[in-house]
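Me: Could you go through this one with me slowly? I'd like to ask about a few pieces as we go.

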Amino acid sequence: MALYSDVIRERFRRPRFRGRLEAPDAVFEDVNPLCGDRIRIECRVGDGRLLDARFTGDSCAIAAAAADLLIEQARGRPVEEVQRLGVPDLLERLAADIRPSRMKCVALPLGVLQGALDGKEVAR
Amino acid sequence: MNMGELTRPDFPILRRVVNGHALVFLDSAASSQKPTAVLEAMARYYEQSHANVHRSIHTLGEEATEQYEGARDAVRAFIGAAAREEVVFTRGTTEGLNLVAQAIGRTLQPGDEIIVSEMEHHSNLIPWQMACRDRGARLSAVPVVDGAYLDLAAFDRLLSPRTRVVAFGHVSNVLGTINPVAEMTRRAHAAGALVVVDGAQAVPHLPVDVSALGVDFYAFSGHKMLGPTGIGVLYGRRQALEALEPAWGGGEMIKEVWIDHAQWNDLPWRFEPGTPPIAPAVGLRAAVEYLDKLGMARVAAHEQALTARCLDALTPIPGVSIYGPRNPELKGAVVAFNVEGIHPHDGAALLDQRGIAVRAGHHCAQPLMRRLGIPGTLRASFSVYNTPGDIDQLADAVGRIRGEL
């Protein structure tokens with residue numbers, strides 16, 4: 001497997017869910033202590049479901065692609081299900097040789113989305 | 001012959017192949033590689049002379065003590081300290097800076113001031129934050145101007161009769177800026193402040209004479225100067241060291257002990273509780289001797305030529321931004337840069353695919369990154385064993401990675 005798959009390149013160049021939402025119900029952002037990367041995810045929630053989400057932030061291609069794929073996968077699903085998603089779900093979709101040193105880049109957007117749904121406060 | 005070509009055979013690790021390519025190691029500012037002389041000195045010590053130091057009344061203990069204290073004498077001469085009592089062995093720069101910050105910290109009064117700089121490595125920032133927080137003292141930072149230099153006029157304005165400590169790096173681990181240590185020390189002393197210098201990026205690369213610089217404390221690490229990990233040095237001017245209470249207690253740092261009190265040992269052992277890093281000290285001595293043989297003035301000239309070549313090679317590449325001084329004479333052996341549209345970690349991963357090791361990220365200098373308005377950089381850094389060819393390979397690869405993501 002390649003270090004950067006076509007999926008990662010494609011999602012990094014042309015993300016589908018990068019942006020902001022008007023009047024989001026839940027927002028969280030966090031940094032990757034490894035590199036200082038920051039990802040922010042805004043969500044609309046209703047009827048126990050994640051209705052929509054968008055991400056912004058300065059990050060590497062892996063974190064950006066993971067955020068984009070994650071939102072695609074999670075939109076429309078019950079919040080409970082989204083809370084159960086794990087890094088392996090994303091790794092499968094990234095289809096790349098993610099080294100141990102970059103696993104945090106995959107985990108960051110997942111933690112941010114789940115943090116938003118948990119109602120976590122953004123640290124300042 | 002170029003110093004890099006001359007010394008490369010002394011560094012076994014440089015024969016490694018990484019991802020199918022001969023290793024090009026450009027991450028020496030994080031940690032340098034080790035010559036055979038260092039590896040052999042440590043192996044010889046463990047195979048023939050190891051025992052605990054100082055209070056062992058047997059042959060091995062005496063040999064170990066002689067080698068450990070001999071390393072201190074070698075370091076003293078290498079950095080121009082006036083006396084061996086001024087050379088304290090630590091586990092590294094971070095420990096040395098924490099030792100000073102904790103010891104001075106206990107004497108701080110509410111309203112006292114400590115000045116750092118905006119380009120500090122977190123190692124020379126966080127210990128002072130902790131000291132200030134514990135004692136109600138105030139922490140301020142000399143700003144970075146023109147993306148490269150400390151604002152000395154602002155420094156003058158920050159200095160006051162309440163300034164107790166001025167702590168800053170000799171050479172920035174990101175920008176490479178060589179700060180005017182002697183001049184800043186003169187101004188700090190005129191205000192009655194102590195000067196603490198982080199020399200981690202200077203001692204491996206430049207001739208450093210701590211006595212001539214006039215500083216009170218100066219910390220550096222063995223592993224960045226061809227020595228092993230786990231050993232560092234805290235230089236303290238004798239009067240400044242004598243005025244400090246030890247930061248940590250234990251064996252070796254005392255003369256006489258009662259249940260409720262103790263009398264401290266003499267310098268420098270007062271600051272070395274516990275069994276010290278003996279083998280690393282032996283390795284550090286071998287590293288010092290290796291650098292001494294090359295001559296630090298020649299090392300500095302060699303690395304300055306590499307820095308100049310790197311600046312010249314990267315500057316014309318489309319999309320490349322370079323940080324810090326553009327004049328290699330004002331710069332240590334480090335070049336931080338970014339490639340437009342490529343996150344530093346992706347850049348480093350793509351270079352690694354070609355066997356080229358560089359650092360990527362915030363380099364433990366987040367306030368500086370904030371000032372520069374970037375999340376991080378790529379960073380190439382050089383040592384004695386790097387060659388002009390290493391720089392050319394880096395530049396060639398940097399020119400190609402932009403199309404790969």
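Me: What comes after α7(B), and what is the sign of phi there?
Reply: This is a predicted model, and in it helix α7(B) is followed by Gly192(B), which has a positive phi, near 85 degrees.

Me: And which residues of α7(B) are buried?
Reply: In helix α7, which covers residues 181-190 of chain B, the buried ones are Val181(B), Met184(B), Thr185(B) and Ala188(B). They sit on the same side of α7(B), because the arc they cover around the axis is only 100 degrees.

Me: Why would residues with those gaps point the same way?
Reply: An α-helix has 3.6 residues a turn, so residues three or four places apart point the same way.

Me: What is on the face turned away from the buried side?
Reply: That face of α7(B) carries the exposed residues Ala182(B), Arg186(B) and Ala190(B). The buried residues, for their part, pack against α6 (152-158), β9 (163-169), β10 (194-198) and α8 (210-213) of chain B.

Me: Switching to α3(B), how far apart are its end C-alpha atoms?
Reply: They are 31 Å apart, which agrees with the 30 Å that the 21 residues of α3(B), residues 59-79, should span at 1.5 Å a residue.

Me: Which of its residues are buried, and what do they pack against?
Reply: The buried residues of α3(B) include Ala64(B), Tyr68(B), Val75(B) and Phe78(B), and Arg72(B) and Arg76(B) are also among them. The partners that the buried residues of α3(B) pack against are α2 (36-49), β4 (87-90), α8, β12 (232-236) and α10 (278-294), which belong to chain B.

Me: What follows α3(B)?
Reply: Just after the helix comes Gly80(B), and its phi is positive, about 70 degrees.

Me: OK, one loop residue: where is Leu23(B), and what does it touch?
Reply: Leu23(B) lies in the loop between β2 (21-22) and β3 (24-25) of chain B. Leaving out residues up to four places away in sequence, Leu23(B) touches Leu14(B), Arg16(B), Val17(B), Val18(B), Gly355(B) and Ala357(B).

Me: Why does Leu23(B) count as partly exposed?
Reply: Leu23(B) has 17 C-beta neighbours inside 10 Å, and a residue is called buried at 20 or more and exposed at 12 or fewer, so partly exposed is what lies in between.

Me: Zooming out, how many helices and strands does chain B have?
Reply: Chain B has 14 helices and 19 strands. Its radius of gyration is 22 Å, close to the 22 Å that the globule rule gives for 405 residues, so chain B is as compact as a globular protein of that length. Buried residues make up 54% of those 405 residues.

Me: And what about chain A, how many helices and strands there?
Reply: Chain A has 5 helices and 3 strands, and along the sequence they follow the pattern α-β-β-β-α-α-α-α. Of the 124 residues of chain A, 40% count as buried.

Me: How do β2(A) and β3(A) pair?
Reply: Strand β2(A), residues 37-46, and strand β3(A), residues 49-56, pair in the antiparallel sense over 7 bridges, with Glu42(A) standing opposite Arg54(A) in β3(A). The two strands form a hairpin with 2 residues between them, and Asp47(A) in the turn has a positive phi of about 60 degrees.

Me: Last one, how many residues does each chain bring to the contact?
Reply: Chain A gives 12 residues and chain B gives 12 residues. On the side of chain A that touches chain B, there are 7 nonpolar, 2 polar and 3 charged residues.

Methods:
Residues are numbered from 1 along each chain as its sequence is written. Chains are lettered from A and ligands numbered from 1 in the order in which they are written. This is a predicted model: local features need pLDDT of at least 70, side-chain atom pairs count only at pLDDT 80 or more; totals for chains, interfaces and linings use all residues. Helices (H or I, at least four residues) and strands (E, at least two) are DSSP runs, numbered from the N terminus. The arc is that of the directions from the helix axis to the C-beta atoms. Two residues are in contact if their C-beta atoms, placed from the backbone, lie within 7 Å. Ala, Val, Leu, Ile, Met, Phe, Trp, Tyr, Cys and Pro count as nonpolar, Asp, Glu, Lys and Arg as charged, and the others, Gly among them, as polar. The radius of gyration is taken over C-alpha atoms; the globule rule is 2.2 Å times the number of residues to the power 0.38. The expected span of a helix is 1.5 Å times one less than its number of residues. Two strands pair if DSSP finds at least two bridges between them.
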